[in-house]
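Q: Could you walk me through the labels people put on a model like this, and say what each one rests on?

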Amino acid sequence: MPGFSFRAEAAARGSPFNPGAHRRSGISTQRVRVAVNGFGTIGKRVADAVAKQPDMELVGVAKTRPSYEARRAVEKGYPLYITGGGKLEEFQAAGLPVAGNIHELLGKVDIVVDAAPDKVGRENRTLYELSNVPVIFQGGEKADVAQASFNALANYSACRGKRTLRVVSCNTTGIARAAAVLRERWGVDHWEVTLVRRAADPAESKKGPINGILPTFQLPSHHGPDVRTILPDLVIATTAVVVPTTLMHVHVNHVRLARAPKDSKEVLDTFRSTPRFRIFAPWEHVDGTPQVMEYARDRGLGFNDMMENVVWEEGLRLDGRDLYFFQAIHQESIVVPENVDAIRAALNLVAEGHESIAMTDRALGLDRA
Ligand code: NAD
C-alpha cells in the first residue's frame, strides 16, 4: 500500500497514533516506517536492528558526508539521505547513490531515531518538530530534550505514547537494567557505583588517554542523576574514572538491598532469568573484558556486539542485605535493543515492555545467545 501513513491515518481519525491497534483490529498489517538520522557507532547498529524487526521497515539512513560507513549503508541496500548540511556533490564524487535529503526522508516515515553526535540531537529537534515526526534521541542529549528518558526493563509503560523519548547512555542503561531487577525483587535502600569507563570507542583514534587513569572530578558523577530520570526515587551515588581501554566499561557495585536474598545464587539466578543479562561461570575462564568481547566475536551477533549486561558469577557476593557485584557494559551496543523498544513504546505498538523485549531479542538472536 504505497503512501500509507500510520500517522496520517491516526490524525484523520482524530485518535492517537497507534498502529498496534490497527494491527490488532485487522485494519492494517503495515510495518512502522523508521528513519535513522546519523549513521555512526550507534546509528549503524540501530539501523541494522530495526531492519531485522518483523514490525518495522528501515526507510533510510542519513549521513553528513561520504565515508566507509556511508558505503556500507549502500552495500546493505539502505537508502542513503543527506543530512546536517552535507553536500550532494561530495556523495556524487564518491559514487554513492543518494535517495534525497533529510527533509524528504522525514516525510516518508512514522518515526526517526536521532543518532547524531552529543548535543547535535537537540539542534535537530526543530527539524523533527517541523516534520511532525516522533523521535527517539540518544543519551548524549540532556534529559529535557524529550518528554521522557527510556529503559525497556525499567520504565517501558511510563513511556508509552510519548512522541519524544531519550534512550539513556550506555552506563545509565546498564545501571537502570540492574536496578529494575533488584528493586522489583528485593527493593534497594542505597546503591554506590564506581564506573571504570573506557577512554574511547575502538574506531576513535583521536581520543584518549592512552596512558594513565583519569578521575572524574565531578563528585558524584552525572550518572546517578541520569539514572533517576528513569527511576526517580532510586538512592544512588556514582563516581567514575576513565582508563585507557576501548572494549567496555566496568561497574563496581555495592547495593544495600531492602530485603536480604536467600543467598548469592538466588541473585545470580534472578539475573540469569532476566533478558539482556549474560552471566559467566568460573569454568568459562572469562577473566575480564578481553574474553567477554572475544566471546562476542565468536558469537557474531550484530557487529560482534555484547548487548547484554555482563555479570560474573565469581564477581558477585552477598553479605546479608549488602550485595557486591561487577558488571561489564559494551558501550557501542547496549543501547541498540533499547532503541528498538523505544520505537514500540513511543508509537504504542506493544502494550508491555516484556513483549517488546521478547520481540526485539528474538529478531536480534539475543534470546538464543
Ligand atoms: P558517532 O560520532 O559515532 O556518530 C554520529 C554520526 O552522526 C556521525 O556519522 C556524524 O557524521 C553524524 N552527524 C554529524 N552531524 C549530524 C547532524 N547534524 N545530523 C545527523 N547526523 C550527524 O557518535 P555515536 O557514538 O554514534 O553517538 C551518537 C549518540 O549516541 C550520542 O548522543 C552519544 O552520546 C550516544 N551514545 C554513544 C555511545 C558510544 O559509546 N558510542 C553509547 C551510548 C550512547
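Q: What makes the link between Asn151 and Leu153 at the start of α8 a polar contact?
A: A side-chain oxygen of Asn151 comes within 3.2 Å of the backbone nitrogen of Leu153. A polar contact is a pair of N or O atoms within 3.5 Å; within protein, one must be able to donate a hydrogen and the other to accept it, and residues adjacent in sequence count only if both atoms are side-chain atoms. So this pair fits the cut-off. One caveat: this is a predicted model, where local features need pLDDT of at least 70, side-chain atom pairs count only at pLDDT 80 or more, and totals for chains, interfaces and linings use all residues. Residues are numbered from 1 along each chain as its sequence is written, and side-chain values use heavy atoms, with hydrogens and water left out.

Q: How do you know that the buried residues of α8 are on the same side?
A: The buried ones in this helix (residues 152–159) are Ala152, Asn155, Tyr156 and Cys159. They span an arc of only 160 degrees around the axis, so they sit on the same side of α8. The arc is taken from the directions from the helix axis to the C-beta atoms. As a rule, an α-helix has 3.6 residues a turn, so residues three or four places apart point the same way.

Q: What do the buried residues of α8 pack against?
A: They pack against β7 (148–150), β8 (164–167), α13 and α14 (353–364). Helices (H or I, at least four residues) and strands (E, at least two) are DSSP runs, numbered from the N terminus.

Q: Why is Pro337 called buried?
A: Buried means under 20% relative accessible area, exposed over 50%, partly exposed in between (1.4 Å probe, protein chains only). Pro337 has 0% relative accessibility, so it counts as buried. Pro337 belongs to helix α13 (residues 335–346).

Q: Which residues is Pro337 in contact with, leaving aside its neighbours within four places in sequence?
A: Among them are Arg177, Arg276, Met307 and Leu364; contact means heavy atoms within 4.5 Å.

Q: How do you know that α12 has its buried residues on the same side?
A: Helix α12 (residues 289–299) buries Thr289, Val292, Met293, Ala296 and Arg299. Their arc around the axis is only 115 degrees, which means they share the same side of α12. Their cover includes β12 (249–257) and β13 (277–280).

Q: What makes the Asp118 side chain a polar partner of the ligand?
A: One of its N or O atoms is 2.5 Å from an oxygen atom of the ligand, so the pair falls inside the polar cut-off already given.
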